[in-house]
Structures are given as C-alpha cells and as structure tokens.
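Here are my notes on the model you passed along. I went after the empty space first, then the helices around it, then the odd backbone spots.

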Amino acid sequence: MDCSVYCLAIPNALNPNSAKPSFVHDFSNFALCKPAKAIMKTSYKRLKGSESFRQRLVLATLSATPIVIEDIRADETWPGLRPHEVSLLRLLERVSDDCVVEINETGTKLRYKPGIIMGGRNMVHDCGVSRSIGYFMEPLILVSLFGKKPVTIRLKGITNDSKDPCVDTFRSTTLPLLKQFGVPSEGLELKIESRGVPPRGGGEVLLSIPTVQSLTAVSWIDEGMVKRIRGVSFSTRVSVQFENTMIYAARGIFNRLLPDVHIFTDHKAGPQAGNSPGYGISLVAETTSGCFISMDTAVSYARGEETGEIEEDEKKELMPPGDLGVQIASMLLEEIEQRGVVDSTHQGLLFLLCALCPQDVSKVRVGKLSPYGIETLRNIRDFLDVKFVIKPDPSSETVILKCLGCGLQNLSRKIL
C-alpha cells in the first residue's frame, strides 16, 4: 500500500469559509493494515489528472472497474479535489452499496472501487454551491438506470447558472433523449420545487429515475425540421418585468422564422426564490422527427471559485434582460444550424447511451463534434472497449457515428 494514501472515507466536511478546500481527517475509525491487504488483491486502472472526472467515475461504476486517479491538480495553487467533486463522490456512495473511496492527505490522489448500485427512495443530497445541480444529474441518471431499485432523490443547491445545463433543460431535453433509448416514461420525472442561482443557491428539485434491464439501440439520423419552439424564463428576487423583456426580445427573432413560439414565465418569490437574485431563460426547439435542441443561460452575481461568496470585483452590472433574450435566441439558431439530432451539450450523453446499448449497432447524426464529445469517445474506448466509426457527411456538414454497444445488462434489477 502506498504510504501516502490514507484509508479515509470521503471527508466529513468542507470548510465553507475558506478559499481552499479543508479536508477533515479522522483516523480513529480506520485500521490501515486490513484495507492494505484488500487493495493489494484489487487490480486498479490508473489514470492521471482532473479531466473527465464525472465520466471516469460513471464508466468505472457501470463497468465495475476500480480506478486510481493521481496528480489531481497537483501543480495548481489549490491542489486536489474540488468541493463539487467530493460531493459527487458522496452522491455515488449514497446510491451504492460497498463503494470504497479513499483520498490522500492533499486530495491529489483518489482510489475508487465501485460497489453495487442500489438506488432507493426518499434520498436527499445537498449539491453545495460550487457547481449547479446540473453537474450532478447526468452521472446520477446514468448510474441509477442500472440500479437495483428506482431512485427518488431531492437535490439541493443551484438550479440555474451559466456553467452547467439548467434543470429546465434536463426536464425538456435530457429526459426525452433517454426515452429514445427505451427508458420508460413511467417513473422518469423532474419537479422544480424552488430555484437557486449563484452565489448562494437555495434551489431544490425532486428527481425520479426508473431502472432498466438494458437500453435499446437506435438508428437516429433524421434531424427533421423545426416545428415549434418552447421555453421557460425565470427570475428570483428581481422584478417579473425582467422575464417579459427576455421573452419579448427572443420572440422578436423567432417570429420571423416560425409562428409556433411559446415561452412561459416562472417568477419565484419568498422561500421558492432561493438565496440570490438572478434571472435566465431556457429554450428548446422540437423537430418533426422528435429531436429536441436546447440552449439555456442564467445571469447572477459571480461566485468565488471555491467559497461560493460574491467576489468584490464582480459586483457589477448584470447583462440586461433584453440583450440576454437576443443572445440565447441566436445561440439556439446556431445549434439548429448544426443539424444534429442533439445539441452540442448533449453529445457526450448521446455517445454514452449508444455505447451502453446491447450488442447491436447504433447510428446517430451530430453536428460538429464538441471537445466534450471527443473526450467522451476516448473515455468510452478506454473503459468499455467500444469504438465508434466516424464518417463525415459533406452534403450536410454533419458527422455520422456508428458503434456496437457493449451489451450492458442490469443484473441487479428484479425481473417482473
């Protein structure tokens, strides 16, 4: 056993008042000699760096591959795991049984041995304010689909920010994407109970995820034509007029192209408005072939990188709601122009679902490959040994990808 690695469960607390993550070590409950024997018998896949942290954990869990990640931000001013990464590890522990997580003293080395995905009802997880709830939902959904029991979990934290997909996008676009691969509609639900924006969050959602025996391979290359645009604007602790201004600006662009545009308002006040002022909008274009292309953004005061507090030099004027409406509408049109069956944000999830399908061929069309999509293809190759055939389509300036699924079966799920 590496003497620099302590057999610690995930740290019990992170100091919210410190700019640097503070790991609490308690050696009283750990006997170093016993875990050492177990570790020697386990073959670990060795990785380096903090890149693709979520995907590595998801693929390691689904493929039952123990991993060691070294040199996690080893050369940075604040080395080691960030609060949201520690929180994700806690979340995976919560939905699993026999999951072993060991973090070294500086947080720069992680041993992760996946357990059995159990799922369960009435769970609660505080995602913190380092990243939004959207950061946690994609890995949670993928893992929970192959659990023993369906998952019902209450997630607390930031519901809308400009860094991760917002909860509205998950509800309008991500969940329909799962249904393309045979995930049943029954038991697949996301309720937004309160909203929270950076820096102090305060949002809350209730997520329900069913289990599957296996996914279904798809042949999905017809992106179709846009037939309608739907959306939701929100505001917390600011005037409802901000929403009306955003909607008016966005509709001014869309109505030149098609008449069926409806953007709803979701103004929150009181406890449902979270702890910080902010506003934003989520848009989705639905096509004739059942594709959903989405784009979202939110505006609020910036948070410190680790503390979640408002930075003094960031207390400046926020983007006017009219400009925000024009910007998000233009960005959605650019995504539609890519002519993929999903937007660039969902490329990684699309490729993961194709790779996890039974041993049958899946064929999908996307626009320009995003850096996140390319990194996903590499991770799939390394963990699942699934390789995609990538063929550009010059006539439409799109890319068609084909793969043979790894044949993942949910052996824990009870067969009804």
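The points below go from pockets and cavities to helices and then to backbone geometry.

1. Before anything else: this is a predicted model, so read every value here as computed from predicted coordinates.

2. Start with the largest pocket, at about 670 Å³. It has 33 lining residues, and the closest to its centre are Arg-54, Arg-131, Lys-163, Asp-164 and Pro-165. By class, the lining of the largest pocket splits into 14 charged, eleven polar and eight nonpolar residues, worth keeping in mind if you look at protonation states.

3. Where does the largest pocket lie? It lies between domain 1 (43–115) and domain 2 (118–300 + 320–404), because both give residues to its lining. Several elements supply at least two lining residues each, including helix 2 (53–62), helix 3 (83–95), helix 4 (133–144) and helix 5 (167–180). Strand 15 (292–300) and helix 9 (371–384) are also on that list.

4. Now the enclosed space. A search of the whole structure turns up two cavities of 30 Å³ or more. The largest cavity has a volume of about 70 Å³, and the second largest holds about 40 Å³.

5. Helix 5 gives the largest share of the lining of the largest cavity, with four residues. Thr-173, Pro-176, Leu-177 and Gln-180 are among the lining residues, as are Trp-220, Phe-292, Asp-343 and His-346. Seven of the lining residues count as nonpolar, four as polar and one as charged.

6. The second largest cavity also lies between domain 1 (43–115) and domain 2 (118–300 + 320–404), since both contribute to its lining. Helix 2 and helix 4 each supply at least two of its lining residues. The lining consists of Arg-54, Gln-55, Val-58, Glu-138, Pro-139, Leu-142, Leu-352 and Tyr-372; by class that is five nonpolar, one polar and two charged. Arg-54 turns up here as well as among the residues closest to the centre of the largest pocket.

7. Helix 5 deserves a look of its own. It bends by about 30° at Thr-173, with Pro-176 following within four residues. Its end C-alpha atoms are 20 Å apart, which agrees with the 20 Å its 14 residues should span at 1.5 Å a residue. Ten of the 14 residues are buried, so helix 5 is largely enclosed by the rest of the structure. Thr-173 and Pro-176 are both among the buried ones. Just past the helix, Gly-182 takes a positive phi of about 90°.

8. How many residues of helix 4 are buried? Twelve of its twelve are, and among them are Glu-138, Pro-139 and Leu-142, which also line the second largest cavity. From first C-alpha to last, helix 4 reaches 16 Å, close to the 16 Å expected at 1.5 Å a residue.

9. Last, the backbone. Most residues other than glycine have a negative phi, and most peptide bonds are trans. Against that, Asp-71 has a positive phi of about 55° and Arg-73 one of about 50°. Asp-71 lies in the loop between strand 2 (67–70) and helix 3, and Arg-73 is in the loop between strand 2 and helix 3 too. Asp-71 is partly exposed, with a relative accessible area of 42%, whereas Arg-73 is buried at 14%.

10. One cis peptide bond to check by eye: it joins Pro-198 and Pro-199, with omega about 5°. Pro-199 sits in the loop between strand 9 (189–194) and strand 10 (203–209).

Note on methods
Residues numbered from 1 in each chain as written. Predicted model: local features only at pLDDT ≥ 70, side-chain atom pairs only at ≥ 80, totals over all residues. Heavy atoms only, no water. 1 Å grid on protein atoms, 1.4 Å probe; cavity = no way out; pocket = protein on both sides within 12 Å on 5 of 7 lines; lining within 4 Å. Points joined across faces, edges and corners; volume = space filled by probe spheres on them. Nonpolar A, V, L, I, M, F, W, Y, C, P; charged D, E, K, R; others polar. Domains from an automatic or database assignment. Expected span 1.5 Å × (residues − 1). Bend = angle between axes of the 7 residues up to and from the residue. Buried < 20%, exposed > 50% of the residue type's maximum accessible area, 1.4 Å probe, protein only.
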